[in-house]
Number of protein chains: 2
Amino acid sequence: MTQTTRRPTRQRRAVAEALATSPEFHSAQQLHAHLQREGTKIGLATVYRALQAMSDDGDVDVVRTDDGESLYRSCSTGHHHHLVCRGCGRAVEIEGPAVERWATRVSDEHGFVDVEHTVEIFGTCQDCAD
Amino acid sequence: MTQTTRRPTRQRRAVAEALATSPEFHSAQQLHAHLQREGTKIGLATVYRALQAMSDDGDVDVVRTDDGESLYRSCSTGHHHHLVCRGCGRAVEIEGPAVERWATRVSDEHGFVDVEHTVEIFGTCQDCAD
DNA sequence: CACTACTTCGATAATGGTTGTCAATCCAGC
DNA sequence: GCTGGATTGACAACCATTATCGAAGTAGTG
């Protein structure tokens, strides 16, 4: 937790950029493949480490698919949720103040502390529906 | 998909009972170990199959932990969500009509179809907080 | 009961995403 | 240029889950 010294390296920058240039969710493996194709020399383990670090710092959102894969996506800071297309992976950032209030109220009622919640909506977007 | 004939076997019953007697979430591996300890002869693969079948039929709830493990819990039928304790795994079933409405509204707005959503709240319950 | 057509079981091997290992490498400051 | 800690990357190890496949159970029928 105590933010050990983190050095900005070529590899980390590459991962961050790859994420920043796409509004969609990507798996670590996809990102790794993409970077290699682009000519960036980077190891798979490093991609995982970079993503983990960014996730710890709150710079990326992480979503788990049903088959246990982790998807990453750069996120504007602030709390929000996602509407994700099963087909193309496109994601829409959504907000729901009502949901936030509801979540805290429910947890309060049951005496839960240190609470966090995940709200993800999966569906098929218009383009992929045909 | 067309609900092939499903036979109620000794093994399936065992899994169903093990789930029914506990209000907490358990992993497939835990259940398997538990059953074996109890003297029930059952294979791990069978436990997975049974859980999958029950999940398909909507008889159990499935939750994914952060480290990719699936947790199962018998559930009263009907759509609902969970408030899960990180410490002891105890789960409280919660309902939120408001959330349901919000989810469908948001997906409609963005033209998404065939939509499903997951809402899970994780926290620490009173007993585990000390 | 015998026969048959299926489903189900279970031991084991395979899968596949993720994480650990560890020597080589890089970088910052002296 | 040296030195020490952070970082990297190739590869092995992990581990939950899934596939495989021969064996065994189970209606249903006559």
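This report looks at chain A and at the protein surface around DNA strand D.

The model is predicted, so local features need pLDDT of at least 70 and side-chain atom pairs count only at pLDDT 80 or more, while totals for chains, interfaces and linings use all residues. Residues are numbered from 1 along each chain as its sequence is written, chains are lettered from A and ligands numbered from 1 in the order in which they are written, and side-chain values use heavy atoms, leaving out hydrogens and water.

**Chain A as a whole**

Let's start with the fold. Chain A has five helices and six strands; helices (H or I, at least four residues) and strands (E, at least two) are DSSP runs, numbered from the N terminus. Going along the sequence, you meet them in the pattern α-β-α-α-β-β-β-β-α-β-α. The C-alpha trace spans about 50 × 50 × 25 Å along its principal axes. Of the 130 residues in chain A, 42% are buried (under 20% relative accessible area, with a 1.4 Å probe and protein chains only).

**A hairpin to look at**

Strands β4 (residues 81-85) and β5 (residues 91-94) of chain A run antiparallel and are joined by four bridges; strands pair if DSSP finds at least two bridges between them. In this pairing, A:Leu83 sits opposite A:Val92 of β5(A). The two strands make a hairpin with five residues between them, and A:Gly89 in the turn has a positive phi of about 80°.

**Meeting DNA strand D**

Now for the DNA. There are 22 residues around strand D, and A:Arg7, A:Thr9, A:Arg49, B:Arg7 and B:Tyr48 come nearest; a residue is near the strand if one of its heavy atoms lies within 4 Å of it. By class, this surface has five nonpolar, eight polar and nine charged residues. Here Asp, Glu, Lys and Arg count as charged, Ala, Val, Leu, Ile, Met, Phe, Trp, Tyr, Cys and Pro as nonpolar, and the others, Gly among them, as polar.

Which parts of strand D lie within 4 Å of the protein? Sugar or phosphate supplies 74% of those atoms, and bases the rest. Here are some polar contacts (pairs of N or O atoms within 3.5 Å) to phosphate oxygens of the strand:

| Residue | Protein atom | Distance to phosphate oxygen |
|---|---|---|
| A:Arg12 | side-chain N or O | 2.8 Å |
| A:Lys41 | backbone N or O | 3.2 Å |
| A:Gly43 | backbone N or O | 3.1 Å |

The elements giving two or more residues to this surface are α1 (10-20) and α3 (44-56) of chain A, plus α3 (44-56) of chain B. α3(B) gives the most, with five residues.

Note on methods: A polar contact is a pair of N or O atoms within 3.5 Å; within protein, one must be able to donate a hydrogen and the other to accept it, and residues adjacent in sequence count only if both atoms are side-chain atoms. Buried means under 20% relative accessible area, exposed over 50%, partly exposed in between (1.4 Å probe, protein chains only).
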